[in-house]
Amino acid sequence: SDLTADFQALSDGDVFRAEGKLRSEDQAGDETYGLRYEIREDILFVTAESSVDGQFILPIVAGKTDKIEYLRNNSLHIRKEKARILVQTDGELIQEDRNNRVFNPVGGFLAFPVKVRLGEGRRVSVSISVVADAAL
């Protein structure tokens, strides 16, 4: 948790950037990361990069009954009662146990941790869209 991280809005409230250092609880560490969020009407784009190999973990709200379906090594669906969330990346998904959920105490919700392999100095992008599906 980098207490000196920089977060900025880059346009009219639809593009945001976060930059900082990967730090331990005692603020040790000098490796860097960068995140860029672009919010559009029907899709969210998140771009991540790091100065070291690791994982980019993006929690997506998903209840216990929501079904996780890996489509390929770079996309998955989270099936809800009346819609599905499509997550795609130009990187490689790290397949998590489909029943795994984490609790976020800030928002008060369960989430599925979408994990993307992050290579040193390599940028990966993730898109998240909601697709209505009456057949579900």
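## A tour of strands 6 to 8 and the largest pocket

A hairpin in which three residues link strand 7 to strand 8 is the place to begin, bearing in mind throughout that this is a predicted model. Select residues 75-79 for strand 7 and residues 83-89 for strand 8, and the two will be seen to pair in the antiparallel sense over five bridges. To fix the register of this pairing, pick His-77, whose bridge partner in strand 8 is Leu-86.

Next, add residues 67-72, which make up strand 6 and run antiparallel to strand 7, with five bridges joining them. Here too the connection is a hairpin, with two residues between strand 6 and strand 7. The pair to highlight is Lys-67 and its bridge partner in strand 7, Arg-79.

With these strands on display, colour strand 7 by accessibility: four of its five residues are buried, that is, under 20% relative accessible area, so the strand is largely enclosed by the rest of the structure.

Now move to the largest pocket, which has a volume of about 180 Å³. Select Tyr-37, Ile-39, Asp-42, Ile-43, Leu-44, Leu-58, Ile-128, Ser-129 and Val-130 to show its lining. Which strands each supply at least two residues of this lining? They are strand 3 (32-39), strand 4 (43-50) and strand 12 (123-132), and strand 12 gives the most, with three residues. Colouring the lining of the largest pocket by class then brings out seven nonpolar residues, together with one polar and one charged.

Key
Residues are numbered from 1 along each chain as its sequence is written. This is a predicted model: local features need pLDDT of at least 70, side-chain atom pairs count only at pLDDT 80 or more; totals for chains, interfaces and linings use all residues. Side-chain values use heavy atoms; hydrogens and water are left out. Buried means under 20% relative accessible area, exposed over 50%, partly exposed in between (1.4 Å probe, protein chains only). Two strands pair if DSSP finds at least two bridges between them. On a 1 Å grid over the protein atoms alone, a cavity is a set of points where a 1.4 Å probe fits but cannot get out, and a pocket is an open set with protein on both sides within 12 Å along at least five of seven lines; lining residues have an atom within 4 Å of a point. Grid points are joined across faces, edges and corners, and a volume is the space filled by probe spheres set on the points. Ala, Val, Leu, Ile, Met, Phe, Trp, Tyr, Cys and Pro count as nonpolar, Asp, Glu, Lys and Arg as charged, and the others, Gly among them, as polar.
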